[in-house]
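Open the model in a viewer and keep the selection panel at hand. The stops below go from a sheet to its strands, then outward to domains and chains.

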Amino acid sequence: MQQAVKANAARALDVEGLSVRYGTSTAVDGVTLAIEPGEVVALLGPSGCGKTTLLRVIAGFVRQAAGRVRVDGATIDHLPPNQRNIGIVFQNYALFPHMTVAENVAYGLRARGLKGPEVQARVSRFLDTVQLGGFKERLPRQLSGGQQQRVALARALAIEPSILLLDEPFAALDRNLRLDMQIEIKRLQRTLGLTTILVTHDQDEAMSVADRIAVMHKGRVEQFDTPVAIYDRPQTLFVNGFIGTTNLMNGTVASLQSGTATVALDAGATLTLPAPAGLSVGTPVLMSVRPEQLVLSAVPGPGAWRIEPGLALPIGAQLVHEARATDGTFLKIIEPRRAVSNDAVRTYCTLAADARPTLFPRTT
Amino acid sequence: MRTMTPPSPDGAASPADGGGKRSVLAEWQLALPLALAFASIFLAPLLMLVGVSFFNDEKITQPGFGQWAKFLGDPFSYKVIADTMLLGLKTVCATIVIGYPLALIYLDASPRLQKVLIFIIVMPLLLSVVVRTFAWIVVLGREGVVNTLLLQLGIISEPLRLLQTELGLVISLTQIEMPLMLLPLISVMSRLDPNLRDASSALGASRWRTLFKVIVPLSMPGLVAGCLLVFASSTTAFISQTVIGGVRLIYLPLLIWQQSLVVFNWPFAAVVSLTLLVSVLTVVSALSYLGRRSGGYVHG
């Protein structure tokens, strides 16, 4: 009984100081992640950032040079992939082309020595879970991309893995199907309470599916936090630039008092902002502010700077303005379309009331 | 439809109407030279061979079924047919047993090592069969490399008799025909998605299960192609069969040679040639039928 409960319980996954080297290049550089049981974590980053390598280490396909991987506290580094009980869905699904859908799903069960009726029952259960109950006798090539992915998912889930790994699972799907599958995977993951790691280069995908996102860059984790925190409070300039759209404005620290800095922007305004550690008076800084956190105004005011308005593009329910500050910086400003009034030419820009700009020291 | 077609400035008929028949005719005519070449250098000699086999005498003057009756009525003929087919099957088995693991090693090798391996595999093809066969005489002879080594190691006290035995012939044919097995096998295997092996492993399968449930079934088309080539090539390998096997081991190609160039009984030689052709074609079509049944999904 104790064991049965444990088999269905979500597992914690700990990656500690993990490094992978290919020859002289370091693909993964001292990555540490503590993943809670039942959590969905997205490894997000540009191609070549080491996210897929990290996934392959967890699956056991790649050996690390240093560091450990633990599932529920027990290291799994010495185990070959076939003894780790980790489910993985590949980007190209890697379904066995010579086997039917049912045989694909049964493969992992047969490898575990399960026989006849038990295999059939589990295959039916997991194919029903991914809504492909009627497709048992089809070959993978007779299925659409979305259906193939469901089969791959059912195949990975049928072995009741301790951890589920998804390698760019939505990359090969078209836009509409992608959202459906994201919802589907999220739903399944919730129901089964599986600890899940998702590798992606698509920030929207990471934002919508993951509980926490690890933004990776050059083999390191730049920030590991909730999607909202990563969007609103990027810790590094890389995260700031990689997630969402942002405006960067040059400035200099004019004065510092207890956690706030007064920054003189090159564009001509002086702003008081929360200061990160390591700033001193005279430090050149970059202020990062999201396009929706800027507002346009027709009249000058405190904290406003002069701009030269450019194009305005309606995108969906929003209007995207392009503008140029006096120091030459190009700015993007987003506002809801209904707020637009055409009565005056607005040549001033200021921070919105709820704006959360971030300061980064500028290296020259 | 007519209104949609822009008028041709020179008044020529558009290719959509009436041009179809002419282009089919043109394509058919284009294939004509090749068809004629095939007919004259391939089909005609074959028909002549069939024609010649239906003459009773060596001078090819009296038509009749005499030579067929003579060949098919002789138990010795069946022994030679069986020996020839068995030689082919044994060589095929040996090339699979040695070639398949080699192909797996190739698959796992680094790209640099793969280049070296492919050179080693292809190299025998650059040498004449005669040279390779005589090299095997040096290796397998009474005072050859194998016997000297085994004697010095004390494994045997008397030199083994390898030349002019079927064992020696199968050994040398295995080496000589190996590229024909490896090249199709490697070409099919290296097109397999490497993720399939990882997927199998992640699902809990051992290396052996992955090999037999995933890699072997998916490499079937290459394996079948290799078997066909090795079988057809080793059953008809006249030079190796006679140089290594000598005159004591009689296979169909040797029989053809004796009948046509030693005793000048061309009708009988024609009968043996057609028998060889039919037997090899039978085995080859059986193999490729099995291959299509097991391997059809790969190209789908």
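In what order do the five strands of the open sheet in chain A run? The order is β15-β19-β16-β17-β18, with antiparallel pairing. Strands here are DSSP runs of E of at least two residues, helices are runs of H or I of at least four, and both are numbered from the N terminus; two strands pair if DSSP finds at least two bridges between them.

This is a predicted model, in which local features need pLDDT of at least 70, side-chain atom pairs count only at pLDDT 80 or more, and totals for chains, interfaces and linings use all residues. Residues are numbered from 1 along each chain as its sequence is written, while chains are lettered from A and ligands numbered from 1 in the order in which they are written.

**The sheet**

Select β15 (294-297) and β18 (330-336) of chain A. These two strands stand at the edges with a single partner strand each, so one side of each has no neighbour in the sheet. From one strand to the next the twist averages 45°, with axes fitted as lines to C-alpha atoms and angles taken from 0 to 180 degrees between N-to-C directions.

Next select residues 305-315 and 318-325 of chain A, which are strands β16 and β17. They pair in the antiparallel sense over seven bridges. Within this pairing, Leu319(A) of β17(A) stands opposite Pro314(A).

Now add β18(A), which pairs with β17(A) in the antiparallel sense over seven bridges. Phe330(A) in β18(A) is the bridge partner of Arg324(A). The two strands form a hairpin with four residues between them, and Gly328(A) in the turn has a positive phi of about 95°.

**Glu322(A)**

Stay in β17 of chain A and pick Glu322(A). With 16 other C-beta atoms within 10 Å, Glu322(A) is partly exposed; a residue is buried at 20 or more such atoms, exposed at 12 or fewer, and partly exposed in between, with C-beta atoms placed from the backbone. Apart from neighbours within four places in sequence, Glu322(A) is in contact with Gly310(A), Leu311(A), Phe330(A) and Lys332(A). Contact means that the C-beta atoms, placed from the backbone, lie within 7 Å. Measure from Glu322(A) to Ile307(A), C-alpha to C-alpha: the distance is 9.9 Å, and they are 15 residues apart in sequence.

**The domains of chain A**

Colour 2-241 as domain 1 and 246-361 as domain 2; these bounds come from an automatic or database domain assignment. Taken over C-alpha atoms, the domain centres are 40 Å apart. Six residues of domain 1 are in contact with five residues of domain 2. On the domain 1 side, helix α9 (residues 237-242) of chain A gives the largest share, three residues.

Colour chain A by pLDDT, the predictor's confidence in each residue, from 0 to 100. The mean is 88, and 96% of the residues reach 70 or more. Residues 1-7 fall below 50, and this stretch has one contact beyond near neighbours in sequence. Where pLDDT is low, the predicted coordinates should not be read in detail.

**Chain B**

Switch to chain B, which has 13 helices and zero strands. Of its 300 residues, 29% are buried.

Finish at the contact between the chains, which takes 18 residues from chain B and 20 residues from chain A. On the chain B side, α9 (194-202) and α10 (207-235) are the elements that give two or more residues. α9(B) gives the most, with six residues.

Terms used
Contact = placed C-beta atoms within 7 Å.
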